[in-house]
Amino acid sequence: MSRVEFIDELQRALAGSLGSSSVNENIRYYQEYIDTQVRTGQGEQDVIDRLGDPRLLAKSIIEASRNEGRSYGREPSVCEEVYEDGTQSAERGNTGSRILRIPGWVVLVLVILSVIVTVSIVGTLVSALLPVLLPILCIVVLLRMVQRRR
């Protein structure tokens, strides 16, 4: 099996079970691994033979990913917030938590949008009630002034 065939088969085997970023990360890793081993003087075919069947390798990567509960080889970055929704994993058959990763910039945009919506709703209410409340307020102030003079 050639290097291209090995990488293609590994990519196809990973594609259905992992996200595209995890697939790309793993493909990059194995391409770099093969390059590094070849640079040390080993034959490309020997390196590929030692790696074994790409489908078996993909199965191991997918299983490790499921056991970790997150994408294989990926740690949460500084700009991400992690939320757990407590749903049951049907694939594993246990009550593990599913982790949703939301980038920090998305959270910031949502907060800004919610502030804008809140301010616009309050502004709309005030502008709608002002024509009614202003005359009532004026009458109340005038009545108090008249009562104080007596």
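Guide: Buried means under 20% relative accessible area, exposed means over 50%, and partly exposed lies in between. The model here is predicted. Keep those two cut-offs in hand.

Visitor: Why is Gln-37 called buried?
Guide: Its relative accessible area is 16%. The cut-off is under 20%, so Gln-37 counts as buried.

Visitor: Where is Gln-37, and what is in contact with it beyond its neighbours within four places in sequence?
Guide: Gln-37 sits in helix H2. With those neighbours set aside, its contacts are Gln-42, Val-47 and Arg-50.

Visitor: What makes Tyr-30 buried?
Guide: The same test applies. Tyr-30 has 10% relative accessibility. Buried needs under 20%, so Tyr-30 qualifies. Tyr-30 also belongs to helix H2.

Visitor: Which residues touch Tyr-30 once neighbours within four places are left out?
Guide: Ile-7, Leu-10, Leu-51, Leu-57 and Ile-61 are in contact with Tyr-30. Another pairing to look at is Tyr-30 with Ile-48: 18 residues apart in sequence, 9.8 Å apart in space, C-alpha to C-alpha.

Visitor: Why does Arg-28 get the label partly exposed?
Guide: Arg-28 has a relative accessible area of 46%. That value is not under 20% and not over 50%, so Arg-28 falls in between. Arg-28 is in helix H2 too. Its C-alpha is 9.4 Å from that of Ile-7, with their places 21 residues apart in sequence.

Visitor: What makes H2 oblique to H3?
Guide: The axes of H2 (residues 20-39) and H3 (residues 44-51) come within 9 Å and cross at roughly 130°. Perpendicular runs from 65 to 115, and antiparallel starts over 145. The angle fits neither range, nor the parallel one under 35, so H2 is oblique to H3. The crossing is right-handed.

Visitor: Which residues meet where H2 and H3 touch?
Guide: From H2 come Tyr-30, Tyr-33, Ile-34, Gln-37 and Val-38, and they meet Glu-44, Val-47, Ile-48, Arg-50 and Leu-51 of H3. By class, that contact holds 7 nonpolar, 1 polar and 2 charged residues.

Visitor: Why are H1 and H4 called oblique?
Guide: Their axes come within 8 Å and cross at roughly 40°. Roughly parallel requires under 35, and perpendicular begins at 65. An angle of roughly 40° meets neither condition, so H1 and H4 are oblique to each other. Their crossing is right-handed.

Visitor: Which residues make up the contact between H1 and H4?
Guide: H1 brings Phe-6, Glu-9, Leu-10, Ala-13 and Leu-14, which meet Pro-54, Arg-55, Leu-57, Ala-58, Ile-61 and Ile-62 of H4. By class the count is 9 nonpolar, no polar and 2 charged residues.

Visitor: Which members of the largest nonpolar core touch the most others?
Guide: Phe-6, Leu-10, Leu-14, Tyr-30, Ile-34 and Ile-61 do, within a core of 16 residues. Helix H1 (3-15), H2, H3 and helix H4 (54-68) each supply at least two residues. In soluble globular proteins, nonpolar side chains tend to be buried together.

Visitor: How many helices and strands does the chain have, and what is their pattern?
Guide: There are 5 helices and 2 strands. Along the sequence they read α-α-α-α-β-β-α.

Visitor: What share of the chain is buried?
Guide: Buried residues are 18% of the 150 in the chain. As for contacts between residues at least 6 apart in sequence, 50% join residues at least 24 apart.

Methods. Residues are numbered from 1 along each chain as its sequence is written. This is a predicted model: local features need pLDDT of at least 70, side-chain atom pairs count only at pLDDT 80 or more; totals for chains, interfaces and linings use all residues. Side-chain values use heavy atoms; hydrogens and water are left out. Axes are lines fitted to C-alpha atoms, for helices over the stretch in contact, and angles run from 0 to 180 degrees between N-to-C directions. A crossing is left-handed if the near helix is turned anticlockwise from the far one by less than a right angle, and right-handed if clockwise. Contact means heavy atoms within 4.5 Å. Ala, Val, Leu, Ile, Met, Phe, Trp, Tyr, Cys and Pro count as nonpolar, Asp, Glu, Lys and Arg as charged, and the others, Gly among them, as polar. A nonpolar core is a set of buried Ala, Val, Leu, Ile, Met, Phe, Trp, Tyr and Cys residues joined through side-chain atoms within 4.5 Å. Buried means under 20% relative accessible area, exposed over 50%, partly exposed in between (1.4 Å probe, protein chains only).
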